[in-house]
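This briefing is meant to be read with the sequence and the model side by side. Find each named residue in the model as you go through the points.

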Amino acid sequence: MEQTLVLVKPDGVQRGLIGETIRRLERRGLRLIAAKFQIVDRELAEKHYAIHKGKPFYDGLIDYITSAPVMAMVWEGPGAIAAVRQTMGATRPTEAQTGSIRHDFALEIGRNLTHASDGQETAKVEIELWFQERELIQWSRDTDRWIFENV
Ligand code: DAT
Ligand code: MG
């Protein structure tokens, strides 16, 4: 089943939105596979945002993600990558869909609260970057068959 990396970034943690983020993903029907509350060092931050190196906002982005603890998670479900990005909303909060986290709680692109993998290859690379294999919990819920068409 598809898996995706989710971060509640430092602004989301500081603003008490860990629970809100988890609540929305749980209620959507996604299954939590791993979670880790941690400080991000520059090495991890630079690897995570390697694709943005050289862009004007890169230095600010690295400073921001390393500035305070983040909540890193892996969530699983059919179409999880697209579903989670939809729940988060567009990168720029003023363009995010009504009802998405970034719409409901954010204003600025540089303080957009969460991260979610943007494709299958990215998800694989990011999950391996943030978590060790043994930290990923394979489990099933009694409700799975009421949420997933094919369990
Ligand atoms: P996303 O986080 O939606 O996957 P992204 O991968 O394009 O977006 O960019 C990573 C983060 O970098 C994004 O969450 C906020 C920041 N960012 C992106 N584009 C930016 C811009 N034009 N100005 C300032 N920050 C930007
Ligand atoms: Mg991205």
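## Arginine 141 and its contacts

The side chains of R141 and D144 are joined by a polar contact of 2.7 Å. The model shown here is predicted. The points below start with R141, then take up salt bridges, pockets and the ligand.

**R141**

- R141 sits in the loop between α7 and α8, the latter covering residues 144-147.
- Besides D144, the side chain of R141 reaches a backbone atom: the oxygen of L30, at 3.0 Å.
- Is R141 buried or exposed? R141 counts as buried because its relative accessibility is 16%, and the cut-off for buried is under 20%.

**Salt bridges**

- Side chains of opposite charge can pair when their charged atoms come close.
- How many salt bridges does a search of the whole structure find? The search finds 12.
- One of these pairs is E76 with R31, where the closest N and O atoms are 2.6 Å apart.
- The E76 and R31 pair links distant parts of the chain, with the two positions 45 residues apart in numbering: E76 belongs to strand β3 (residues 70-76) and R31 to strand β2 (residues 31-38).
- Both partners are buried: E76 has a relative accessible area of 5%, and R31 has a relative accessibility of 7%.
- A salt bridge also forms between the side chains of E46 and R42, at 4.0 Å from N to O.
- E46 and R42 are both in helix α3 (residues 42-48), and their spacing of 4 residues is about one turn of the helix.
- E46 counts as partly exposed, at 35% relative accessibility, and R42 is likewise partly exposed, at 42%.
- E95 and R92 form another salt bridge, in which the closest N and O atoms are 3.9 Å apart.
- In this pair, E95 counts as exposed at 57% relative accessibility, whereas R92 is partly exposed with a relative accessible area of 39%.
- Elsewhere, E20, R23, R24 and D104 are joined into one network by salt bridges that share partners.

**The largest pocket**

- The largest pocket holds about 660 Å³ of space.
- Its lining has 26 residues, of which Y49, H52, F57, L61 and H115 are the closest to the centre of the pocket.
- Which elements each supply at least two residues of this lining? They are α3, α4 (58-65), β4 (114-116) and α7 (120-130).
- Helix α7 gives the largest share of the lining, 4 residues.
- Sorted by class, the lining of the largest pocket contains 10 nonpolar, 9 polar and 7 charged residues.

**The second largest pocket**

- The volume of the second largest pocket is about 200 Å³.
- Residues that line the second largest pocket include E2, Q3, I81, Q120, A123 and K124.
- Others in the lining of the second largest pocket are I127, E128, F131, Q132, E133 and L136.
- Helix α7 gives the most to this lining too, with 5 residues.
- By class, the lining of the second largest pocket has 5 nonpolar, 3 polar and 4 charged residues.

**Ligand 1**

- Which residues are around ligand 1? They are K9, Y49, H52, F57, L61, R85, T91, R102, I109 and N112.
- Y49, H52, F57 and L61 are among the residues around ligand 1, and these four are also among the residues closest to the centre of the largest pocket.
- A polar side-chain atom of K9 is 3.2 Å from an oxygen atom of ligand 1.
- R85 also has a polar side-chain atom by the ligand, 3.0 Å from an oxygen atom of ligand 1.
- For R102, an N or O atom in the side chain lies 3.1 Å from an oxygen atom of ligand 1.

**A34 and N112**

- A34 is part of strand β2, the strand that also holds R31.
- A34 is buried, with a relative accessible area of 4%.
- From A34 to N112 the C-alpha to C-alpha distance is 22 Å, and the two residues are 78 residues apart in sequence.
- N112 is one of the residues around ligand 1.

Terms used:
Residues numbered from 1 in each chain as written. Chains lettered and ligands numbered in written order. Predicted model: local features only at pLDDT ≥ 70, side-chain atom pairs only at ≥ 80, totals over all residues. Heavy atoms only, no water. Buried < 20%, exposed > 50% of the residue type's maximum accessible area, 1.4 Å probe, protein only. 1 Å grid on protein atoms, 1.4 Å probe; cavity = no way out; pocket = protein on both sides within 12 Å on 5 of 7 lines; lining within 4 Å. Points joined across faces, edges and corners; volume = space filled by probe spheres on them. Nonpolar A, V, L, I, M, F, W, Y, C, P; charged D, E, K, R; others polar. Near = heavy atom within 4 Å. Polar contact = N/O pair within 3.5 Å; in protein donor to acceptor, adjacent residues only side chain to side chain.
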